[in-house]
Amino acid sequence: SAAQGGDGATGVLRSQTFILGGDGQIDFLTSGGYNLDNLYVALVRASDSTILFKESGNFYDSPLRAQYQRRYWDASAYIGEELYIEIVDQATGGWGHISVDDLNVPTALDGNP
């Protein structure tokens with residue numbers, strides 16, 4: 001992260017696996033550089049590591065876009081499946097960081113979506 005090592009720092013952060021529940025609507029805040037190949041937050045299916053949704057930061061044309069913006073994923077097609085969230089930072093140039101906050105994921109309790 002930029003706070004821990006500047007734009008040159010890289011790494012991958014992965015959540016625990018979970019069973020998607022509720023209405024399947026996921027939302028979160030993101031900011032940082034835009035690089036969909038090397039700098040993103042993703043919803044991943046645990047069984048085969050398929051990326052179902054992917055979002056990068058929003059800085060690509062104006063410093064005003066460096067502010068947090070709320071993103072929404074309609075993952076209702078995956079309710080009942082085992083998934084995880086992965087945050088990937090493999091970008092090292094200017095704005096080579098992504099920030100994620102206030103991640104809201106409905107999960108199934110006791111195996112009931």
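Let's start with Lys 54, which lies over the face of Tyr 40, at 4.5 Å from the ring centre. Please keep in mind that this is a predicted model. There is another contact of this kind to look at: Arg 14 has its charged end over the ring of Tyr 84, 3.6 Å from the ring's centre.

Now stay with Tyr 40 for a moment, and look at the strand around it. Tyr 40 belongs to E4, residues 39–45. How many of the residues in E4 are buried? The count is 7 of 7, so the strand is mostly covered, taking buried as under 20% relative accessible area. If you follow the side chains, Tyr 40, Ala 42 and Val 44 point one way, while Leu 39, Val 41, Leu 43 and Arg 45 point the other way. Residues on both sides are buried, and yes, that includes Arg 45.

What does E4 pair with? One partner is E7, in the antiparallel sense, over 7 bridges. Within that pairing, Arg 45 stands opposite Leu 83 in E7. Another partner is E5, again antiparallel, with 4 bridges. Here Val 41 has Glu 55 of E5 as its bridge partner. E4 and E5 make a hairpin, with 5 residues between the two strands. If you like checking backbone angles, try Ser 49 in the turn: its phi is positive, at about 60°.

E5 also takes us to the aromatic part of the story. There are 3 aromatic pairs in the structure. Phe 53 and Trp 73 have ring centres 5.5 Å apart and planes at 20°, so this pair is stacked. The two come from distant parts of the chain: Phe 53 is in strand E5, residues 51–55, and Trp 73 is in strand E6, residues 69–74, with their positions 20 residues apart in the numbering.

Are these two rings buried or exposed? Trp 73 counts as buried, at 4% relative accessibility. Phe 53 is partly exposed, with a relative accessible area of 22%.

Phe 53 has a second ring to talk to, if you'll forgive the phrase: with Tyr 78 it forms an edge-to-face pair, 6.4 Å centre to centre and 90° between the planes. Tyr 78 sits in the loop between E6 and strand E7, and Phe 53 in E5, so this pair ties together parts that are 25 residues apart in sequence.

Let's put the rings together to finish. Ring pairs link Phe 28, Phe 53, Trp 73 and Tyr 78 into a cluster. Thanks, everyone, and I'm happy to take questions.

Key
Residues numbered from 1 in each chain as written. Predicted model: local features only at pLDDT ≥ 70, side-chain atom pairs only at ≥ 80, totals over all residues. Heavy atoms only, no water. Phe/Tyr/Trp six-rings, centres within 6.5 Å; stacked < 30°, edge-to-face > 60°. Buried < 20%, exposed > 50% of the residue type's maximum accessible area, 1.4 Å probe, protein only. Lys NZ or Arg CZ within 6 Å of the ring centre and 35° of its normal. Pairing = 2+ DSSP bridges.
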